[in-house]
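Subject: Structure handover

Hello,

Here is the structure I said I would pass on. My notes on what turned up in it follow below.

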Amino acid sequence: MVVNRKKIEQKYGLGKYGPVQKYIDSEVIKQMEPYTPYDTGAMHRSAIAGTVIGSGKIKYLSPYARYLYYGVIYGPNIPIKENGIIVGWRSPAKKKKYPTGRPLKYNRDKQPKAGKFWFERMKADKKEQLRRGALEVMKRCSKG
């Protein structure tokens with residue numbers, strides 16, 4: 001029996017940039033939002049701007065996304081003080097940062113599920129919903 005992989009991918013909307021992958025990419029970004037740290041919404045918007053829908057890769061453009069994703073404070077960190085009160089942190093210029101081993105503390109006021117490894121946590125909660133949605137797209141594609 002000879003199977004034409006391209007025909008099957010086309011018939012069911014599979015493959016890179018196909019309808020199923022486009023659905024999965026879009027839905028993953030949407031479903032990750034409640035799990036993603038939120039301050040101004042820039043992280044979520046950076047995933048939308050950085051991802052080519054259908055590529056199978058979600059990419060965050062925010063320069064601090066990696067630190068937030070893994071949830072570890074990197075240093076060295078030097079406190080910024082105003083009137084003796086710490087108001088922020090800075091790192092020395094041109095000095096390589098390293099993980100300190102101290103966990104980040106996430107503000108969960110706007111996103112109660114926000115925290116590290118947001119993709120894995122979302123996937124654990126929404127895997128079945130994503131699978132059912134992908135199957136629906138496949139069914140629609142197979143009907144022509």
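Which side chain meets that of Glu9 in a salt bridge? The partner is Arg5, with 3.1 Å from N to O. A salt bridge here is a side-chain nitrogen of Lys or Arg within 4 Å of a carboxyl oxygen of Asp or Glu.

Before the rest, two remarks on how to read the values. This is a predicted model, in which local features need pLDDT of at least 70 and side-chain atom pairs count only at pLDDT 80 or more, while totals for chains, interfaces and linings use all residues. Residues are numbered from 1 along each chain as its sequence is written, and side-chain values use heavy atoms, with hydrogens and water left out.

Salt bridges and helices

Helices (H or I, at least four residues) and strands (E, at least two) are DSSP runs, numbered from the N terminus. Glu9 and Arg5 both sit in helix H1, 4 residues apart, about one turn of the helix. An α-helix has 3.6 residues a turn, so residues three or four places apart point the same way. For accessibility, buried means under 20% relative accessible area, exposed over 50% and partly exposed in between (1.4 Å probe, protein chains only). Glu9 is buried, at 16%, whereas Arg5 is exposed, at 60%.

Helix H1 covers residues 5-12, and at its start a side-chain oxygen of Asn4 comes to within 3.1 Å of the backbone nitrogen of Lys6. This is a polar contact, that is, a pair of N or O atoms within 3.5 Å; within protein, one must be able to donate a hydrogen and the other to accept it, and residues adjacent in sequence count only if both atoms are side-chain atoms. After H1 comes Gly13, with a positive phi near 75°.

The count of salt bridges is 4. Among them are two in helix H5 (residues 118-142) that share Glu128: Arg131 meets Glu128 at 2.5 Å, N to O, and Arg132 meets Glu128 at 3.8 Å, N to O. Glu128, Arg131 and Arg132 are thus linked in a network of salt bridges. Arg131 and Glu128 are separated by about one helical turn because they lie 3 residues apart in H5. Arg132 and Glu128 are 4 residues apart in H5, again about one turn. Each member of the network is partly exposed: Arg131 at 42%, Glu128 at 38% and Arg132 at 47%.

Loops

Ser55 lies in the loop between helix H3 (42-50) and helix H4 (65-70). Its relative accessible area is 16%, so Ser55 is buried. The side chain of Ser55 reaches the backbone nitrogen of Lys57 at 3.2 Å. Leaving out residues up to four places away in sequence, Ser55 touches Lys16, Tyr17, Gln21 and Asp25, where contact means heavy atoms within 4.5 Å.

Most residues other than glycine have a negative phi, and most peptide bonds are trans. Where are the exceptions noted here? The peptide bond from Gly75 to Pro76 is cis, with omega near 10°, and Pro76 is in the loop between strand S1 (72-75) and strand S2 (78-82). Asn83, in the loop between S2 and strand S3 (85-90), has a positive phi near 55°. Lys94, in the loop between S3 and strand S4 (98-103), has a positive phi of about 60°. Asn83 is exposed at 82%, and Lys94 is exposed at 91%.

Pockets

On a 1 Å grid over the protein atoms alone, a pocket is an open set of points where a 1.4 Å probe fits, with protein on both sides within 12 Å along at least five of seven lines; lining residues have an atom within 4 Å of a point. Grid points are joined across faces, edges and corners, and a volume is the space filled by probe spheres set on the points.

The largest pocket has a volume of about 470 Å³. Its lining has 15 residues, with Ile73, Tyr74, Asn77, Trp89 and Leu104 nearest the centre. H4, S1, S3 and S4 are the elements that give two or more residues to this lining, and S1 gives the most, with 3.

The second largest pocket holds about 320 Å³. It is lined by 15 residues, of which Pro37, Tyr38, Asp39, Thr40 and Leu68 lie nearest its centre.

Regards
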